[in-house]
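Q: Please take a close look at one helix of this protein, at what it packs against and at its place in the interior.

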Amino acid sequence: MVTRKEPCRICGSFEGIKIAETEFWDLQECNIVQCTSCRLIQLDPMLTAESTAKGCHAYYLKEIAETPVHKQMRNLVRNYRRGIVFASLLKKKGYHPEKILEFGPGSGYFSAGVRYIFTDCAITVADIVDDVLKRNREVHGYEAIKGSPEDIQLFEGKRFDLIIARDILEHVTDIGKVAGNIASLLKQGGLLHFITPNGKDDVWGHFLNWKFRKKASELLINHVNYFDGAGLLKCLNDAGFVKKEYFTYQIKYRLRGKGWKKSIKLAGMKSTKRSADEFITAGIKDEAMPFIQKEKILNSFIFRIKQKWLFVLYCRFKHHWMIHLNPVRNIGHEIHGVFVKSADNQ
Ligand SMILES: [Zn+2]
């Protein structure tokens with residue numbers, strides 16, 4: 001048990017259980033602490049806005065630099081297909097979002113897939129990394145706004161039918177505030193779609209590294225929240241969201257021991273205080289960024305199928321999760337959610 005430096009962002013409690021020590025690049029040292037009241041696991045103290053911006057940029061460049069081009073291309077195609085699957089299922093349920101906002105779009109291919117189905121929709125993306133915004137504007141023609149769900153003043157007057165936040169919620173400083181912000185950016189009856197890691201699975205490496213080595217672990221991607229399935233659901237309900245779909249998927253990591261097996265083999269890396277500046281100074285060459293050649297990427301045989309329904313069927317076949325579990329059990333690699341802003345929420 002420890003007394004936290006900062007209160008829990010969901011319930012305000014100062015009491016916590018220390019799970020690990022961690023270092024975010026060479027930028028900040030934090031504890032990973034679980035709230036004893038609401039079970040949310042968070043960094044304590046939280047990353048500053050400055051180190052988050054710098055670390056995010058460094059991570060974005062690191063991922064591109066260290067992922068071979070053919071693998072990047074495969075991921076782009078996958079994200080595109082996932083966007084198609086997601087949107088086609090929405091359409092089947094009678095939704096036709098016109099104004100769509102995606103937070104943290106990465107390469108932008110998920111939303112491109114959504115637009116394959118909803119051909120007339122207007123897509124806005126928001127990110128804190130300038131490079132991401134520039135590329136999304138150039139490659140996909142989206143409206144791109146610098147910002148995060150923590151600070152929504154920039155969106156003044158804008159309301160959306162659908163907000164997409166894939167792998168974003170685990171990065172935000174104040175999840176309670178963000179849930180409220182997203183609700184206020186949605187029209188009545190608007191949808192929020194997110195995926196976010198299952199916290200127990202995600203924090204396991206940090207926990208084991210601390211348990212076995214009593215040394216700080218390396219935190220290169222700024223996961224500052226590790227969600228408990230029940231806690232996240234309550235947080236979203238409190239912000240006025242009603243559950244449409246909420247499940248975890250991908251249990252292969254669980255089968256390998258993540259989340260329960262106390263083996264040093266599953267422990268995370270010890271921190272080496274990697275230099276964020278080094279990546280930022282080095283930059284990336286255009287050749288290493290295949291996502292800028294959209295036509296080339298979407299030029300395989302399968303993307304040229306004229307029958308849209310057949311193509312959609314193919315995408316669904318490629319991205320169908322056999323097993324859906326209730327996130328409350330905290331089993332599975334990732335949490336998938338579709339929530340609707342309820343009528344009594346303003
Ligand atoms: Zn709490």
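A: Buried residues, meaning those with 20 or more other C-beta atoms within 10 Å of their own C-beta atom, placed from the backbone, make up 45% of the 346 residues in the protein. This is a predicted model, in which local features need pLDDT of at least 70 and side-chain atom pairs count only at pLDDT 80 or more, while totals for chains, interfaces and linings use all residues. Residues are numbered from 1 along each chain as its sequence is written.

The largest nonpolar core, a set of buried Ala, Val, Leu, Ile, Met, Phe, Trp, Tyr and Cys residues joined through C-beta atoms within 7 Å, has 84 residues, and those with the most contacts inside it are Ile 163 and Leu 192. Helix α2 (residues 69–92; helices are DSSP runs of H or I with at least four residues, numbered from the N terminus) gives the most to this core, with seven residues.

The axis of α2 comes within 9 Å of that of helix α11 (residues 308–318), and the two cross at roughly 105 degrees, where axes are lines fitted to C-alpha atoms over the stretch in contact and angles run from 0 to 180 degrees between N-to-C directions. Because angles of 65 to 115 degrees count as roughly perpendicular, α2 is roughly perpendicular to α11. On the α2 side, Arg 81, Ile 84, Val 85 and Ser 88 meet Val 312, Cys 315, Arg 316 and Lys 318 of α11, with contact taken as C-beta atoms, placed from the backbone, within 7 Å.

Returning to the core, Ile 163 touches Leu 101, Ile 182, Leu 185, Leu 186 and Leu 192, not counting residues up to four places away in sequence.

Note on methods:
A residue is buried if 20 or more other C-beta atoms lie within 10 Å of its own, exposed if 12 or fewer, and partly exposed in between; C-beta atoms are placed from the backbone. Two residues are in contact if their C-beta atoms, placed from the backbone, lie within 7 Å. Angles under 35 degrees count as roughly parallel, over 145 as roughly antiparallel, 65 to 115 as roughly perpendicular and the rest as oblique.
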